[in-house]
Each structure stands twice: as structure tokens, then as C-alpha cells.
Amino acid sequence: MAEHLLQASRQRQVKAMTAAAGSAGQAAVPLLLCALLAPGSAYVLDDSDGLGREFDGIGAVSGGGATSRLLVNYPEPYRSQILDYLFKPNFGASLHILKVEIGGDGQTTDGTEPSHMHYALDENYFRGYEWWLMKEAKKRNPNITLMGLPWSFPGWLGKGFNWPYVNLQLTAYYVVSWIVGAKHYHDLDIDYIGIWNERAFDINYIKVLRRMLNYQGLQQVKIIASDNLWEPISASMLLDSELLRVIDVIGAHYPGTRTVKDARLTEKKLWSSEDFSTLNSDVGAGCWGRILNQNYINGYMTATIAWNLVASYYEQLPYGRCGLMTAQEPWSGHYVVEAPIWISAHTTQFTQPGWYYLKTVGHLEKGGSYVALTDGLGNLTIIVETMSHKHSMCIRPLLPYFNVSRQFATFILKGSFSEIPELQVWYTKLGKPSERFLFKQLDSLWLLDSGGSFTLELQEDELFTLTTLTAGSKGSYLLPPKSQPFPCVYKDDFNVDYPFFSEAPNFADQTGVFEYFMNIEDPGEHRFTLRQVLNQRPITWAADAFSTISIIGDYKWSNLTIKCDVYLETPEKGGVFIAGRVNKGGILIRSARGVFFWIFANGTYRVTGDLAGWIIYTSGHADVTAKKWYTLTLTINGGFSSGTLNGKPLWKNVSVNFPKNGWAAIGTHSFEFAQFDNFRVEAIH
């Protein structure tokens, strides 16, 4: 009781700043006391002894691979709304950095992204969707930092080897032409270029790349290496003065907020150049909130980049919904602005690259952490997080146990910040719906009477931003349409005269690249088709299949009929398929099961239970040759399937017991040219 009275008298003595928490009542919003009231720890924020490291920004990755695949098909206005939540300043995630995959034709996690050079003498800077995405990001934030990084490379660079460093000049030329093409065709200035995602680096290649960039007048493009672990790149730099000179930033992946001594000794900028990769639930949001602070506090990292930007790929592919937000239903227009968007906003809306961290950052006594940044012009932003162990586990690495409990934290502003009169307050509480707030603006704090100090009552799983900046806002649009399954009847005749994107909507290439194609010789119904365009295996990043495949539809589909016109371009050896119930994709594509109906240019057909063709259900002769159009139909119903060629039954009532459901698909037997037209699927729910 005495404690309650004491609390009440303190509240009378000092005007406590609280915000009405709507129907949840005021109790749910912590008390902000502008004085040294409660016993707790004190933390000084001071710039008298100089500043810490320069802040480089918060960002996200599109690609690695095909993570934004479904975004491009969204109807307006929903597509623009999603882009606003990601990139528009003072609206949503307000990202400072966009990192994209330099498509290399290979499977790079959730699909393949097309290269700007499929073949040695081929250059096309309008394939895929990363160019479009970078332009949309720049439209919203002209100051956004752009980065490019290869995962896979087109096969011709390897000269028969699955290795990009066979000819260093050639690979450097390939990467530099992507940068030059970005500028020439899209007026995009690439700021940072990487080496080879999570794979080996070659010291001489990095030096050749720098020389070639300089030769092309691209001195301003900086090199980040090696997008893997801190070592061996850091030690290599310390042993090689030229290498040390040409690398501008050391980028590590999933560093668990820690760095290593060698990396610090290089005196280079240190970035977590890929992090997060966690389901975008409140636990994922907690992970993101914790590492955004602690990557700097524990590891001196001045930029953190999330994989991935937006979960715009079929959810049953690997790492489903591991984006800052979810937009995986272009057919309905439905999307979800997930909690990690608002966690990002706590930092991104109140800082900018070029600001500096204070030296006075650190851990809170009873768990959690605080950072403070300044623009050097009198502005100050403080970010405090108390994410609990249970609610902030990232997908990797393992998180050692720590405890967070209720505490009072007093912050004392000194140096040039001692005269700050007022701080804006933004608040997030993750967890139970009844107590949950995302990026809520509270009443501002007046510091004039308190000698530049204030006290926060902190519970676990909270995030506070206290800032002199007043421009922050929680952007919103009317709710998007309700979630809907993929349409049961879907067809595409690929009749697009001048396609804006190179790929047909909703098809998600998992090995190979399928592009809109115009048959100049064919004035008839097959003038516009979808064509598999790779004629050799790429330099792979993951385990691409030996057959090309593009998936589409609803993973829950079980009973369905797929119909498609197909055209083999390779005499004798060519083969194509249509398939249903395909149960795996992404990096697991090699082991995909399903019902696959193949025809071959040598006059045979085959029905298999897997993409690799090990499980043969039936096979036989078919009146098939290359350079002719055929119509294939595959019907799967319960435990049986049947197929027709040009409307005539070729095989029927073949028993298929596994899998019970999966996507529809088209593809080719090997890396070969083939065309598809008049695709139609009808699923029975």
C-alpha cells in the first residue's frame, strides 16, 4: 500500500507522460517519468568525448533467390502500397539500403533469377524484376543505397567448370556490365558490388574487379567482401595491402551480433550484409529488433540487411514468409504488413546513413540494450529494446540464453544534448494481442525541468524510440482484399506483344529460365509462347535439378487436369513434361516428387513419380518428333492418373499414391530450348 502511495505522490510531483492506450486502458502503456524517480540504473548519453562509428543504414535483400517473384504480378493500387510500406520515407520500413541478386540463371533458394547475359554474346538489361524494383525504390527514396551481388553465374563463364574464377577478366567484365547496364538503361547508380554470395572468394578476382571498375570510370562503386563469414577475408586483408585497399566494407552473414578481432583490425566498415531470415511473426520481429541494436553494440556493425525484403514467393517453398512483410497472393491482391516493418521503422525513420552512433551505447542492467545516434547538427535518436530470449530467436545462429526482466532505466543527456527540450516517443510491445502495440506514438517527453534526464519503466519485449525528429509516421492504407486461394481454373496463352516483364505471371522457375518468346516465323496461333532459354547448366549456387522446371498454382491442389501445347526444339534428344502434385521446390528441387508426363523427340513417352526420373510408372512409344506442336493433357484424380497426346489417350489409370498434393509444373528434360503455349489447369476442390 505504501508503495502505491509513494508511486501516487511521485506522479503528483512530476507530470508523468503517458499516452491513452485506447480500449486497453492506460495501464498497458508504460509510464515515462521525467525525473530520477524509481530505483534503477542510469545510462549517460554523451558526445563530449567524440562519436562512435558512422551509421550506414538498415536494408533488405531482394533475391537469393526469386523472393520478389510474385510481387510484380500484383494489381494496382496494391503493388504500389506494398512498395510504399517498404521504401517510402517516414511511412513504413523506410529502408536505407536495397540489395539485389545479380541474376545468374541458377537456383538460389526459392527459384532462379535470369542473367543479363544467358550466353557469351547476349546482353539484355530488361530481364527479371530487380531493375524494376530498384527503380521503384529510388522513386520513393532517391537517396537509397543500391547493392548488387551474384549467387549463381551463367554456365558459359565457367568454360566447362562449375566455377566463376576460371577467367577472372571475363567474370569481372560480366559483373561490371551489369553495373554499366543499370546506369545506361535504367539510370541506376549501383553503390556497392559483392563477390560471390556465401561461396569462395578469389583474391586476384577482387583486385581485377577493382581495376576494371576504375577503368570503366566507376571509381565511386565500392566493393564489399565476402558475404560469408568474417574469416578468412579479414585475415587475408591484413596480409595483403592491395586487397586491404580495394575492399571498402567487410560483409558477414548471420554474425549473431558478434565480429572477430581481425575484422576490427582492418579498420574497415563492418556490415551484417545478410541477417534475419526468420519467419515474420512476433518472434521474427523480436529477432530483428534485438539485432538492429546489438549488431552495433556487440559487433561494431554499422549496417544490417535482412533476407528478405518481402515474402513474394509460394509459401511452401523453403523459408516461407521470411520477409519483412508478406505479399504472396497477386491473384487476390492480399498482403500483410508484418511486425518487422514497424520494428524497422523504429530505427529507419529517425536516422539516416551519415549519422553517427554515440560512443555511449550498451546493454541494460536487467537485459535489453540501447543505442543512440546523432546527425551532428543537434538531433538525437535513442533506441531501447528489451527483447526476451524466447521471443527474439533468429533462425541462426544459436542464441545463448539471457534474461530480461522489468526495470527502470534512467537516461541522462550530456554534452551537446544536455539542452534538448523535448523528445518524441514511439513505442512497440510484442506479444499477447491484448497488450500488443506496433509503432505507436506516445506523448512527447519534456526535459526542461529534469536536467536533461528521464526514466523509462521497461517490461520485456518492448521497443522505444526517443528522438528530436518530428517527421515519423505510421503509414497506412485501407485494408487490402481478403486472402483467396489460387484460382481453380487458370489459363495463359502468353499472347503478350510487348511484355513489361520477361516472365509470365505466377510461374516460378526452379531450374532453368522460362521467358516470353515471339516466333517470328510462326504467324499462326503459336506466335507468342513461353520458352525455356538455357542451353547449358549454370555455375550453380545450390543443387539445381538436371531437368528445367517452372511451378505454378496452389500447393494444396490434389485432383486436377493440366493441359499445355508443347514444342521440342532439339531433335532426337529433346524432351518436355507437364506435371501435377509437385511437392518440392527451391534448393530442394532435385528431390521433387509428383506426377510427371514426359514426351521425347525420339518418339517415346514416360510417366514418372519424380523430376529426376528414377520412379517410372509407365512408358512407351508416342508419335512425337521435334519441331512440331503437340497438346499434352495430364489428369490426376485420387490414386490414378491418365494422359492424352493431341486429345487421344496415351496412357490411363496409372496408379499414383504419393504425393497427395502439390503445384502444377512445366519443364524440359535437360538444359535445352523448348516452347510452351496455351497452358491451362483446372483443379477440383
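**Salt bridges, active site and surface**

Trainee: How many salt bridges does the count come to?
Mentor: A salt bridge is defined here as a side-chain nitrogen of Lys or Arg within 4 Å of a carboxyl oxygen of Asp or Glu. By this rule, the number of salt bridges comes to 21.

Trainee: What pLDDT do local features need in this model?
Mentor: Residues are numbered from 1 along each chain as its sequence is written, and side-chain values use heavy atoms, with hydrogens and water left out. This is a predicted model, in which side-chain atom pairs count only at pLDDT 80 or more, totals for chains, interfaces and linings use all residues, and local features need pLDDT of at least 70.

Trainee: Which residue forms a salt bridge with Arg406?
Mentor: Arg406 lies in the loop between β18 (380-385) and β19 (407-413), while its partner lies in strand β22 (residues 453-458), so the pair ties together parts that are 51 residues apart in sequence; helices (H or I, at least four residues) and strands (E, at least two) are DSSP runs, numbered from the N terminus. Arg406 is partly exposed, with a relative accessible area of 47%, whereas the partner is buried at 12%, where buried means under 20% relative accessible area, exposed over 50%, and partly exposed in between (1.4 Å probe, protein chains only). The closest N and O atoms of the pair are 2.7 Å apart, and the partner is Glu457.

Trainee: Which residues does UniProt list for "active site"?
Mentor: The annotation comes from an unreviewed UniProt entry; its positions are given in the numbering used here, feature names are shortened, and annotations may be inferred rather than shown by experiment. The entry lists Glu198 and Glu274. Although they span 77 residues in sequence, no two of their C-alpha atoms are more than 10.0 Å apart, so one spot gathers Glu198 and Glu274.

Trainee: Is Glu274 buried or exposed?
Mentor: Glu274 sits in strand β10 (residues 269-276), and its contacts (heavy atoms within 4.5 Å), not counting residues up to four places away in sequence, include Glu198, His253 and Trp307. With a relative accessible area of 6%, Glu274 is buried.

Trainee: What is the length of the polar contact that joins the side chains of Glu274 and Tyr254?
Mentor: A polar contact is a pair of N or O atoms within 3.5 Å; within protein, one must be able to donate a hydrogen and the other to accept it, and residues adjacent in sequence count only if both atoms are side-chain atoms. Between the side chains of Glu274 and Tyr254, the polar contact has a length of 2.6 Å.

Trainee: Which residue in the 509-683 span and beyond the sequence neighbours of Glu198 is in contact with Glu198?
Mentor: Glu198 is in the loop between β7 (192-193) and α5 (203-215), and at 22% relative accessible area it is partly exposed. An unreviewed UniProt entry places the feature "domain: Glycosyl hydrolase family 59 C-terminal lectin" at residues 509-683, a span with 0% helix and 55% strand. Leaving aside neighbours within four places in sequence, the contacts of Glu198 include Ser226, Asn228 and, from that span, Trp541.

Trainee: Which residue does the side chain of Asp282 reach at a backbone nitrogen?
Mentor: Asp282 is in helix α9 (residues 282-299). Among the residues that Asp282 touches, beyond those up to four places away in sequence, are His391 and Arg436. At 3.1 Å, the side chain of Asp282 reaches the backbone nitrogen of Gly431.
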